[in-house]
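Trainee: Could you take me through the side-chain features of a protein model, and show how each kind of feature is to be read?

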Amino acid sequence: MSPPSPPSQPATYSDFDGDGTGDLVLTDSGATVDGLYAAGYAAVVPGSPDGPAPARHRLITQNSLNLGKAGQGGSFGGSVVSADLDGDGTADLITGAGTNTVFVVWGGDKGLAGGARLTGSAPVTGDFDGDGHADLVTAGQSPSTATLSYGPFSRAGVPAATVPLDLTPKDPDPEPTSGSGSSGSGSGGYYTARLAAAGDVNGDGRDDLVVTWTHVYVDEMPVPRATAVHRGTARGAGGVSAAYTRLKDTRGRDMYGSDTLTADLDKDGTADVIVGRSCEVIGDEQLVDDGSRLTVVYGGPAGRGRTPKPTTVDDATPGLPGAPKSTGCGFGGALTAGDVNGDGYTDVAFTAPSESGSTLILVLRGGPKGLTTTGAQHLAAPAWALALLDTDGDGAAELAIGEKAQVRVLRGGPNGLTGTGPGTGPDGWPRRIGPSDLGLTPTTGDHFGQSFGH
């Protein structure tokens, strides 16, 4: 079995019962639950040697945890991640709810059971001090602030230690602000830092914290404008470094987008930062300067490697199948990473519009030189969300596709994804999971399969 990927996109990191297979987490933070609009849920479908096993699913809501009654608009199931916070060898499920609450549901040999209620939002997990225990970072109520909670945690949700983080960007805003209506904090600028991902970008054995710098315009929606990496530090040294590396794309410009994750694409032992810039929404306009795209900055000793150089993928990239287009919005959406063929290199899947108007799913391979179009796969599917994880324990990741009213799971293997056609093959793949398989009866406003936990 291949080793697990960096924390933001685990292979078997979401193994909540310790059986060696990844468990698929489907979320809908806007779903009506117990008659409450947008109370939300997280549905866990265990993995098995035969792939996802819906018959053994677990539906988790705030009410099912007995940690306070859910309210309307509670949005349980937002920002779901996983990590072994209590150090028992099984992953725990961590989910945001509301604007300042995080719930932890404890894994174990019998699956998820019991939980704890913490303060914060936008959880990100990683081992930031390199001691072998998973840590948790949660955003604070003030702009650009966060709390780093060191593992191991007790089952009451008490961490080994905590340290406050000030992630305020120190670089000035290079863009004119006149007429933009932007507001925020920073030394000479209008950036606000938001938690995005974690991974060992510089190869020192400690995970680093990746943040997105945003502007806030008149519609009060944060718009990404830059990406920065704060180095993890030894316990007692402040959590993560106040200094940061500001990531640049192939043209030397700020790299940013709506989806950010880390994964080791070239198997050099450092995490690479992958950003999908699928669209920007400012007021009533959708603007994508130079077109939507996917960008990779490779890890290295300085926080970004010299080789390979940053990679930008758009519709002009040679070798892309399916005739995708990047003009307008959509290219680089629903970003996810995992090893689809079990060769030890992490691959990347994302959505893109095609020339025919349909939605494409593209899977690009990782390799010694980083992300490549060699061996790329594609299929047309109206995907809302994507997730790559090894659900059958064979070392190759399956691709879960969130579609309208169903989730389709394609099997990974030595030749990449199989079962990409419309029907089910003799081996029973692709798997299809619908609301009724999980005991759900969708109501108006629900979006089954709209997102997955990472």
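**Reading side-chain features**

Mentor: Let us begin with a single residue, Arg411, which at 27% relative accessibility counts as partly exposed, because that class lies between the buried limit of 20% and the exposed limit of 50%. Please keep in mind throughout that this is a predicted model.

Trainee: With which residue does Arg411 form a salt bridge, and how far apart are the closest N and O atoms?

Mentor: The partner is Asp392, and the closest N and O atoms of the two residues are 3.2 Å apart. Asp392 belongs to the loop between β26 (385-389) and β27, whereas Arg411 belongs to the loop between β28 (406-410) and β29 (431-433), so the salt bridge ties together parts that are 19 residues apart in sequence. Asp392, for its part, has a relative accessibility of 8% and therefore counts as buried.

Trainee: Which side chain of opposite charge is nearest to Glu398, and how far away is it?

Mentor: It is again Arg411, at 4.9 Å. A salt bridge requires a separation within 4 Å, so Glu398, although buried, is left without one. Glu398 lies in strand β27, which covers residues 398-403, and its side chain reaches the backbone nitrogen of Thr391 at 2.8 Å. Leaving aside neighbours within four places in sequence, the residues in contact with Glu398 include Asp390, Thr391, Asp392, Arg411 and Trp429.

Trainee: How many salt bridges are there by this rule, and which residue forms one with Arg235?

Mentor: The count comes to 10 salt bridges. Arg235 forms a salt bridge with Asp129, with the closest N and O atoms 2.8 Å apart. This pair links distant parts of the chain, since Arg235 is found in the loop between β14 (222-232) and β15 (240-246) and Asp129 in the loop between β8 (121-126) and β9, 106 residues apart. Arg235 counts as partly exposed, at 39% relative accessibility, while Asp129 is buried, with a relative accessible area of 9%.

Trainee: Are Arg206 and Asp204, whose side chains meet in a salt bridge, buried or partly exposed?

Mentor: Arg206 counts as partly exposed at 25% relative accessibility, and Asp204 counts as partly exposed at 35%. Their salt bridge has an N to O distance of 3.7 Å. Salt bridges may also be joined into a network, as is the case for Asp86, Asp88 and Arg155.

Trainee: What describes a pair of aromatic rings, and how many aromatic pairs does the count come to here?

Mentor: A pair of aromatic rings is described by the distance of the centres and the angle of the planes. Here the count comes to 4 aromatic pairs. In one of them, Phe76 and Phe103 are 5.6 Å apart from centre to centre with 50° between the planes, which makes the pair tilted. Phe76 is placed in the loop between α1 (62-65) and β4 (78-83), and Phe103 in strand β6 (residues 101-105), so this pair ties together parts that are 27 residues apart in sequence. Both Phe76 and Phe103 are buried.

Trainee: What are the distance and the angle for Phe331 and Phe350?

Mentor: Their ring centres are 5.4 Å apart and their planes stand at 50°, so this pair is tilted, the angle being neither under 30 degrees nor over 60. Phe331 comes from the loop between β21 (311-313) and β22 (333-338), and Phe350 from strand β23 (residues 347-353), so the pair ties together parts that are 19 residues apart in sequence. Phe331 is buried, with a relative accessible area of 0%, and Phe350 likewise counts as buried at 0%. Elsewhere, ring pairs link Tyr191, Trp213 and Tyr244 into a cluster.

Trainee: Which charged ends sit over the rings of Tyr345 and Trp429?

Mentor: The charged end of Lys267 sits over the ring of Tyr345, at 4.3 Å from the ring centre. Over the ring of Trp429 sits the charged end of Arg431, 4.2 Å from the ring centre.

Trainee: As a last case, where is Thr138, and is it buried or exposed?

Mentor: Thr138 is in strand β9, residues 135-139, and is buried, with a relative accessible area of 5%. Its contacts beyond four places in sequence include Val102, Thr119, Ala146 and Leu195. The C-alpha atoms of Thr138 and Thr101 are separated by 9.4 Å, although the two residues are 37 residues apart along the chain.

Technical notes
Residues are numbered from 1 along each chain as its sequence is written. This is a predicted model: local features need pLDDT of at least 70, side-chain atom pairs count only at pLDDT 80 or more; totals for chains, interfaces and linings use all residues. Side-chain values use heavy atoms; hydrogens and water are left out. Rings of Phe, Tyr and Trp (its six-membered ring) pair if their centres lie within 6.5 Å; planes under 30 degrees apart count as stacked, over 60 as edge-to-face and the rest as tilted. Helices (H or I, at least four residues) and strands (E, at least two) are DSSP runs, numbered from the N terminus. Buried means under 20% relative accessible area, exposed over 50%, partly exposed in between (1.4 Å probe, protein chains only). A charge sits over a ring if NZ of Lys or CZ of Arg is within 6 Å of the ring centre and within 35 degrees of the ring normal. Lys and Arg count as positive and Asp and Glu as negative; His and the chain ends are not counted. A polar contact is a pair of N or O atoms within 3.5 Å; within protein, one must be able to donate a hydrogen and the other to accept it, and residues adjacent in sequence count only if both atoms are side-chain atoms. Contact means heavy atoms within 4.5 Å.
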